[in-house]
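Work through these exercises with the model open in a viewer. Try each task before reading its solution.

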Amino acid sequence: MSLDVSSALAWLAVPGRRAKLLAVLGVALLAAAAVGALAAPAEPRLAVDDDRPQNNTLVALQGYEHEGKAVEVTPGGEVVWEYAKADDVFDVEALGDGRVQVAVADEIPDGRCPERFRNDGYENCVRNSLRIVDKETKETVWEYAWFDAKLHAHELHDADRYTVDGEPRWVLADMGNDRVFAVNRSKEVLWQWNATDRYERPEEMGPEGDWTHMNDVDRVGPDTFRVSLRNFDTVVDLHVERGTSGGNGSVRVDPVVGPDDFHERGDVLYEQHNPDTLDNGTLLVADSEHDRVVELNREGDVVWKYGGSATFDWPRDADRLANGHTLVADSYNDRVVEVDEDGEVVWSVETGGLPYEADRLPGEGSDGPTAREAGIPNRTSDAGVVRERAAWAVSMAKYVGPDRLAEQLFLLAAGLLALVGAGVERWRSRKR
C-alpha cells in the first residue's frame with residue numbers, strides 16, 4: 001500500500017499532471033451534473049401514493065424567477081388546469097361556477113411604471129392584482145390592482161372574499177403599504193387599517209423597508225379579520241366598526257398570538273404563513289422558519305407540532321382536512337404533502353416552482369378537526385446544521401438558475417472548483 005501511495009505521489013510530482021487530473025475530474029463532475037439535471041423526472045410528479053385522495057388539489061406556485069402559476073392536480077398527480085399569466089402567484093381559491101380567484105404580482109419595467117415609481121431608486125416596480133378568472137378561457141372577469149415601488153416584500157400575498165347582505169366584498173393584505181383594506185365589486189375602499197395606526201415603524205427601516213410583511217388575512221367573524229404580521233411573528237384580529245369607510249372609522253386591534261410590536265424573533269412563531277382558525281378557535285399555522293406546522297390554543301400555547309427540518313423546509317400553508325389529514329405546502333422542498341391522523345405522509349406531489357398554497361377542492365382552507373380530536377401525534381425532528389445549510393444553498397440557487405440544474409449545485413461547484421484548480425496548476429507549471 002505504501003508503494004502505491006509513493007508511486008501516486010511521484011506521478012503527481014511531474015509538472016502538468018495535476019492540472020490534467022483536475023481537468024478530467026472537473027469535466028466528469030460537470031458531466032454528471034448535466035446528466036442528473038436532464039434525467040430528473042418531470043414535475044408535477046406523484047411521489048407518495050399510499051392513501052390517494054378523492055378530489056383534486058389546487059396549488060399556487062409562486063415561482064423562483066417570474067415563473068408563477070396556479071395548477072389543479074388530480075389525485076394521480078396529473079395537471080388538468082393551469083393559469084400562468086403572472087410573474088408570481090400566491091393565493092388561489094376556487095369560487096365555483098367555473099371561476100378561480102388568484103392573488104398575483106407582476107414585475108414591470110420602469111418605463112411602464114407610473115411616474116412616481118420610475119425614478120424612486122428601485123429597479124422596476126410591481127403591479128399587484130386580485131383577479132377573478134374564468135376557468136375555461138383563463139380570461140380575467142374582474143380585477144382590483146395597484147402599483148408599488150418594487151417586487152420583493154411588496155407583493156399581494158392574500159385576499160379573502162366574503163359577502164355582506166348578498167354583496168361580494170374582498171379584504172386584502174397590502175404588504176408594501178403595511179395596510180389591510182376591503183373593497184366591493186365597484187372597487188370602492190370600504191375600510192382600511194394601517195399598521196402605523198398602532199405600531200411605530202423603526203426609523204432606520206425607511207418607508208419601503210420590509211416591516212410588517214403582512215401575508216394573510218381571513219374574515220373570521222361579521223366584523224373581525226385575522227391578519228398575519230409575519231415579521232412581527234404575530235397574528236392579530238382587526239375588529240372593524242360597522243359603517244366605516246375610506247379608512248376614517250374605528251378599527252380595534254387584538255393580538256391573538258405573538259408580541260404586540262415589531263420583534264426580531266417571537267417566542268412562539270417565527271415568520272409564519274397562512275394561519276387557519278379551526279372550529280373550536282384553535283389556530284393551525286405554518287410556522288415557516290421553524291420548518292414545522294403547529295396548533296395553538298386560545299391562550300397562544302402550542303398544543304400540537306409536526307415537522308422540523310428533517311421533514312419540511314419552509315412550509316407556508318397547512319390545512320386540516322375533514323378526514324383529519326393535514327395538507328401542507330412544503331415550499332423549499334417543492335412539494336405538497338398530506339399527513340394522515342397517524343402522522344404519516346400518505347400522499348405527496350413534487351410540484352416544483354416554490355408552492356405557496358394548496359387547497360383540496362372544492363373548499364378553501366381548513367374545515368377539519370383539531371389534532372387532539374383527530375388523534376394526530378406530535379412529531380418533529382431536525383436534520384442537523386450541515387444538511388440544513390446545504391438545502392438552503394440549493395433553494396437559493398433556484399432563484400438564479402433552472403431548478404433541475406440547481407439541484408445539482410454541489411456537483412457543479414465541485415466541478416468548477418476542479419477546473420479552477422487545473423488552471424492554477426497549469427499556470428504554476430509554466431512558471432517553473
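**Exercise 1. Negative patch**

Task: Which residues form the negative surface patch? Place Glu341 in the chain and classify its exposure.

Solution. The structure is a predicted model.
- Step 1: Asp50, Asp51, Glu341 and Asp342 form the negative surface patch.
- Step 2: Glu341 sits in the loop between strand S23 (335-339) and strand S24 (345-350).
- Step 3: The relative accessibility of Glu341 is 30%, so Glu341 counts as partly exposed. The partly exposed class lies between the cut-offs of 20% and 50%.

**Exercise 2. An aromatic pair between two strands**

Task: How many aromatic pairs does a search of the whole structure find? Then classify the pair of Phe90 and Tyr356.

Solution.
- Step 1: The search of the whole structure gives 16 aromatic pairs.
- Step 2: For Phe90 and Tyr356, the ring centres are 5.3 Å apart and the planes stand at 90°. Planes over 60 degrees apart count as edge-to-face, so the pair of Phe90 and Tyr356 is edge-to-face.
- Step 3: Phe90 belongs to strand S5 (residues 88-96) and Tyr356 to strand S25 (residues 355-360). With their positions 266 residues apart, the pair links distant parts of the chain.
- Step 4: Phe90 has a relative accessible area of 0%, so it is buried. Tyr356 is also at 0% relative accessibility and therefore counts as buried.

**Exercise 3. A pair between two loops**

Task: What is the geometry of the pair formed by Trp211 and Phe232? Which cluster do ring pairs build around Trp211 and Phe232?

Solution.
- Step 1: The pair of Trp211 and Phe232 measures 5.8 Å centre to centre, with 55° between the planes. The pair is tilted.
- Step 2: Trp211 is in the loop between strand S12 (189-194) and strand S13 (214-221). Phe232 is in the loop between strand S14 (224-229) and strand S15 (234-240). The two residues are 21 residues apart.
- Step 3: Both Trp211 and Phe232 are buried.
- Step 4: Ring pairs join Trp193, Tyr199, Trp211, Phe232 and Phe262 into a cluster.

**Exercise 4. The whole chain**

Task: How many helices and strands does the protein chain have? What share of its residues is buried?

Solution.
- Step 1: The protein chain has seven helices and 26 strands.
- Step 2: Along the principal axes, its C-alpha atoms fill a box of roughly 90 × 55 × 45 Å.
- Step 3: Of the 432 residues in the protein chain, 49% are buried.

**Exercise 5. Nonpolar patch**

Task: Which residues make the nonpolar surface patch of about 250 Å²?

Solution.
- Step 1: Val27, Leu416 and Leu419 make this patch.
- Step 2: Leu416 is part of helix H7 (residues 409-431).
- Step 3: Leu416 has 49% relative accessibility, so Leu416 counts as partly exposed.

**Exercise 6. Backbone checks**

Task: Is the peptide bond from Leu361 to Pro362 cis or trans? Are Asp97 and Asp233 buried or exposed?

Solution.
- Step 1: Recall the background: most residues other than glycine have a negative phi, and most peptide bonds are trans.
- Step 2: The bond from Leu361 to Pro362 is cis, with omega near 10°. Pro362 lies in the loop between S25 and helix H4 (371-374).
- Step 3: Asp97, not a glycine, has a positive phi of about 55°. Asp97 is in the loop between S5 and strand S6 (99-108). Its relative accessible area is 73%, so Asp97 is exposed.
- Step 4: Asp233, not a glycine, has a positive phi of about 55°. Asp233 is in the loop between S14 and S15. Its relative accessible area is 1%, so Asp233 is buried.

Notes
Residues are numbered from 1 along each chain as its sequence is written. This is a predicted model: local features need pLDDT of at least 70, side-chain atom pairs count only at pLDDT 80 or more; totals for chains, interfaces and linings use all residues. Side-chain values use heavy atoms; hydrogens and water are left out. Patches are made of residues with over 30% relative accessible area and no salt bridge: like charges are joined within 9 Å, nonpolar side chains (Val, Leu, Ile, Met, Phe, Trp, Tyr) within 5 Å. Accessible areas come from the Shrake-Rupley method with a 1.4 Å probe; for residues, only the protein chains shown count as cover. A salt bridge is a side-chain nitrogen of Lys or Arg within 4 Å of a carboxyl oxygen of Asp or Glu. Lys and Arg count as positive and Asp and Glu as negative; His and the chain ends are not counted. The place of a charge is taken as NZ of Lys, CZ of Arg, CG of Asp or CD of Glu. Helices (H or I, at least four residues) and strands (E, at least two) are DSSP runs, numbered from the N terminus. Buried means under 20% relative accessible area, exposed over 50%, partly exposed in between (1.4 Å probe, protein chains only). Rings of Phe, Tyr and Trp (its six-membered ring) pair if their centres lie within 6.5 Å; planes under 30 degrees apart count as stacked, over 60 as edge-to-face and the rest as tilted.
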